[in-house]
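Hi,

Here is the structure I said I would pass on. Have a look at it first, and my notes follow below.

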Amino acid sequence: MERIVVKVGNVALGSGGRCLVQTMCNTPTQNISESLGQCTKLSAAGAEIIRLTTQGKKEVEALGIIKKKLLEKGILTPLVADVHFSSEVAVAAAKVADKVRINPGNFAKDHQRAVKEFSALTALCRDLGKPLRIGINHGSLGEEITSKYGDTSWGMKEAAMEWIDMASASGFDQLVISLKSSNVLVMVSAYRMLYEEFVKRGRCYPLHLGITEAGNSDTGRIKSAVGIASLLKDGIGDTIRMSLTEDPFNEIAPASFIADYFYNDLNAKGLSFRTDNTGKRIGSKHYECKNWEEFILSVSCDFGPLLLDREIDDVDISAQIHDCSGQNNLENFRTDLLQASRRVFSKPEYIACPGCGRTLFNLEQVFEEVKRRTSHFKGYKIAVMGCIVNGPGEMADADYGYVGEGKNRVSIYRGKEIVFRGIPEQEAIDKLLSLIGEDARNKDVLPNSL
Ligand code: SF4
């Protein structure tokens, strides 16, 4: 099979070897000193590619200055411009950034315009020697695709193939593809279908893997590890991002751990299996780990794919963790792993974006507060999203959503419907709680997830 190698600044994707680790700044790109500081810190921590949000031409200009200042400091880490809703901005960004990420679901108003403007963009990128990422998100598939395939893994794969074919028609192959979803099963099956199509056609493009809106803390890490590991174990994936609703610095160590785990062929070693007297297939292993994070990532990489693919039904894990605060709980971890692998749902499912330069409130703090106050709504899908531009689309199938709408304003959603628009931030969590509580009392408005 032909493997397309894509050069992104000083690194190459698709040439085999260890997966590259990437992340995204959550600073406003126009704030040059803050963004420069964050890029410097992320690069020192091991980020091999860094993305910045570029809503408009001012952010593109700022990205150019950040890049120049990084180079002056001897930092060569490639910078990627993240573009939504403007092919014009994508064209401007291609002249400055090492790679441009576009989202086909919002690249242009209609299909005809998308074809024309994408062809102009690929022609420019070919001349400049710049690659593009076709970044498909489950929550923001275009109307054309959802009307034909629904918002399914199949639709995600078809959308990717459509844009790959458009690029091929203009003789452009410097593409990286991602098919992200906050649902691990949807994400894994979309990449597998796309990879099968690549094999069928005999041409494989580099794949960027990640679970989008994975949330934070243990659950965000476990969910991301299960999704990414399910693909890496099959040899699918060239670069990974662990999207956490935390400081992006915190994404680097767990993503690097996963990349190394598979590169050093440490996964799925020393596992044993048995069937219990109820017929359940149980996977077990004793772990010796440096710390809790290493432990949860190792187990998620080993057993997450087996749970997701229904090869086992449960796990029986023991561990010696050398540096452990003692507050971590194996049983709690087991329930998180079963939920991330979509086998047993015993808690609410949270969808939270990592935040970026578009976020105008303290997303991490709000998300923690929403989690604390909604923890009893077992089986509900509750989203906390940083902006109104991409948030409502990206939270896809959430039952309820808290979406930032400018400074100190929030909108509260029930599914795709706005119930409270632009309310003050101080009232927003109470309103969300009262809406969920009222719906729970009114049997006619039960959320889809239940
Ligand atoms: S949804 Fe979150 S990560 Fe996505 S653009 Fe908005 S603030 Fe940024």
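I'll begin with one pair of helices. Keep in mind as you read that this is a predicted model.

α6 and α7 are oblique to each other, because their axes cross at roughly 45°. Helix α6 covers residues 153–169 and helix α7 covers residues 184–201, and their axes come within 8 Å. If you turn the view to look through the pair, the crossing is right-handed. On the α6 side the contact is made by Ser153, Trp154, Met156, Lys157, Ala160 and Met161. Facing them from α7 are Val186, Ser189, Ala190, Met193, Leu194 and Glu197. Sorted by class, that contact has eight nonpolar, two polar and two charged residues.

Next, the overall layout. The protein chain is split into domain 1 (2–209), domain 2 (272–340) and domain 3 (349–445). Taken over C-alpha atoms, the centres of domain 1 and domain 2 are 34 Å apart.

A second helix pair is α8 (residues 217–232) with α11 (residues 330–340). Their axes lie 9 Å apart and the packing angle is about 45°, which makes α8 oblique to α11. This crossing is right-handed. To find the contact, pick out Asp218, Thr219, Ile222, Lys223 and Val226 in α8, which meet Phe333, Asp336, Leu337 and Ala340 in α11. Here the classes come out as five nonpolar, one polar and three charged.

Then there is α12 (residues 363–374), which packs with α14 (residues 425–441) at an angle of about 30°. Angles under 35 degrees count as roughly parallel, so α12 and α14 are roughly parallel to each other. Their axes are 11 Å apart, and the crossing of α12 and α14 is right-handed. From α12, the contact uses Glu369, Val370, Arg373 and Thr374, while α14 brings in Ile429, Leu432, Leu433 and Ile436. Those residues divide into five nonpolar, one polar and two charged.

Last, the ligand. Which residues come nearest to the ligand? Out of the 13 residues around it, the answer is Cys353, Cys356, Gly386, Cys387 and Asn390. The whole shell around the ligand has six nonpolar, five polar and two charged residues.

If you want a place to start, try the ligand and those five names: Cys353, Cys356, Gly386, Cys387 and Asn390. After that, the α12 and α14 pair, with its angle of about 30°, is a good next stop.

Cheers

Notes: Residues are numbered from 1 along each chain as its sequence is written. This is a predicted model: local features need pLDDT of at least 70, side-chain atom pairs count only at pLDDT 80 or more; totals for chains, interfaces and linings use all residues. A residue is near a molecule or strand if its C-beta atom, placed from the backbone, lies within 6 Å of it. Ala, Val, Leu, Ile, Met, Phe, Trp, Tyr, Cys and Pro count as nonpolar, Asp, Glu, Lys and Arg as charged, and the others, Gly among them, as polar. Axes are lines fitted to C-alpha atoms, for helices over the stretch in contact, and angles run from 0 to 180 degrees between N-to-C directions. Helices (H or I, at least four residues) and strands (E, at least two) are DSSP runs, numbered from the N terminus. Angles under 35 degrees count as roughly parallel, over 145 as roughly antiparallel, 65 to 115 as roughly perpendicular and the rest as oblique. A crossing is left-handed if the near helix is turned anticlockwise from the far one by less than a right angle, and right-handed if clockwise. Two residues are in contact if their C-beta atoms, placed from the backbone, lie within 7 Å. Domain bounds come from an automatic or database domain assignment.
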